[in-house]
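Please read the following points with the sequence and the model side by side. They go from the overall makeup to the sheets and then to the core.

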Amino acid sequence: MKRIFTTVAVFLCAMCISTTVFAHSHLSESNPTDGDVLSEPLSEIVLEFDGDIELGSFMDVTTTDGKDVELEEIIINESTLTGTVAEPLTNGDFQVNWNIISADGHPMEGEFSFTVDSEVPESREEVTEDPVETEETEVGDATETAEQTTDDEESSSMTTILIVILVVIVIVGFILLIKRKK
């Protein structure tokens with residue numbers, strides 16, 4: 001009987017300690033955010049996740065009519081995925097598709113869209129200088145995407161399922177203990 005209680009106690013402790021094992025990296029911020037309408041050409045897309053991401057994570061950008069936008073460089077830095085476009089994005093609707101590998105090895109994916117609606121710049125200097133300022137101010141205003149909400153609901157469901165399983169194990173152990181005493 002002591003073995004059953006020891007096993008249950010060890011299992012419960014392991015489940016309490018290792019809840020972070022079930023945590024996946026979710027998109028916490030992006031620049032631009034889903035649905036943004038930018039008034040300046042865009043030269044870089046930054047995705048921030050709430051956990052570290054691994055090599056092999058990537059993003060691609062397309063126009064609404066399905067044309068690929070060339071990314072010059074994709075940088076993975078701990079919990080940030082940054083894509084630099086070869087040519088600044090000018091007026092149009094764009095979609096970003098991202099695929100990451102969480103630090104726990106779980107693949108995650110999502111998408112969001114934004115619009116660039118800027119006045120045509122008179123000189124090339126304006127195009128390269130202004131987007132940097134816009135990006136810095138807009139990162140703080142990022143909003144939660146639909147993918148985050150779905151992922152949060154899945155994590156919450158997983159936690160609920162684990163708690164129910166633990167309660168069932170404890171009840172079964174208690175019933176077995178009572179039967180053995182009789």
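**Notes on the fold**

1. The protein has three helices and nine strands, where helices (H or I, at least four residues) and strands (E, at least two) are DSSP runs, numbered from the N terminus. Read from the N terminus on, the elements follow the order α-β-β-β-β-β-β-β-β-β-α-α.

2. On provenance, this is a predicted model, in which local features need pLDDT of at least 70 and side-chain atom pairs count only at pLDDT 80 or more, while totals for chains, interfaces and linings use all residues. Residues are numbered from 1 along each chain as its sequence is written, and side-chain values use heavy atoms, with hydrogens and water left out.

3. One open sheet is built from four strands in the order β1-β3-β7-β6, with antiparallel pairing; two strands count as paired if DSSP finds at least two bridges between them. Because β1 (27-31) and β6 (71-77) stand at the edges with a single partner strand each, one side of each is left without a neighbour in the sheet. Neighbouring strands here are turned by 15 degrees against each other on average, direction ignored, with axes taken as lines fitted to C-alpha atoms and angles running from 0 to 180 degrees between N-to-C directions. Within this sheet, β6 pairs with β7 (residues 80-89) in the antiparallel sense over six bridges, and Ile 74 stands opposite Gly 83 in β7.

4. A further open sheet has five strands in the order β2-β9-β8-β4-β5, and its pairing is mixed. Its edge strands are β2 (37-38) and β5 (68-69), each of which pairs on one side only. The strands β2 and β9 (residues 107-116) run parallel and are joined by two bridges, with Leu 38 placed opposite Val 116 in β9.

5. The largest nonpolar core (buried Ala, Val, Leu, Ile, Met, Phe, Trp, Tyr and Cys residues joined through side-chain atoms within 4.5 Å) has 22 residues, and those with the most contacts inside it include Ile 45, Met 59, Trp 98 and Phe 114. At least two residues of this core come from each of β3 (42-49), β4 (58-63), β7, β8 (92-101) and β9. Leaving aside neighbours within four places in sequence, Met 59 is in contact (heavy atoms within 4.5 Å) with residues including Ile 45, Leu 47, Ile 74, Gly 83 and Trp 98.

6. Of the 182 residues of the protein, 32% count as buried, that is, under 20% relative accessible area with a 1.4 Å probe and protein chains only.

Terms used: Buried < 20%, exposed > 50% of the residue type's maximum accessible area, 1.4 Å probe, protein only.
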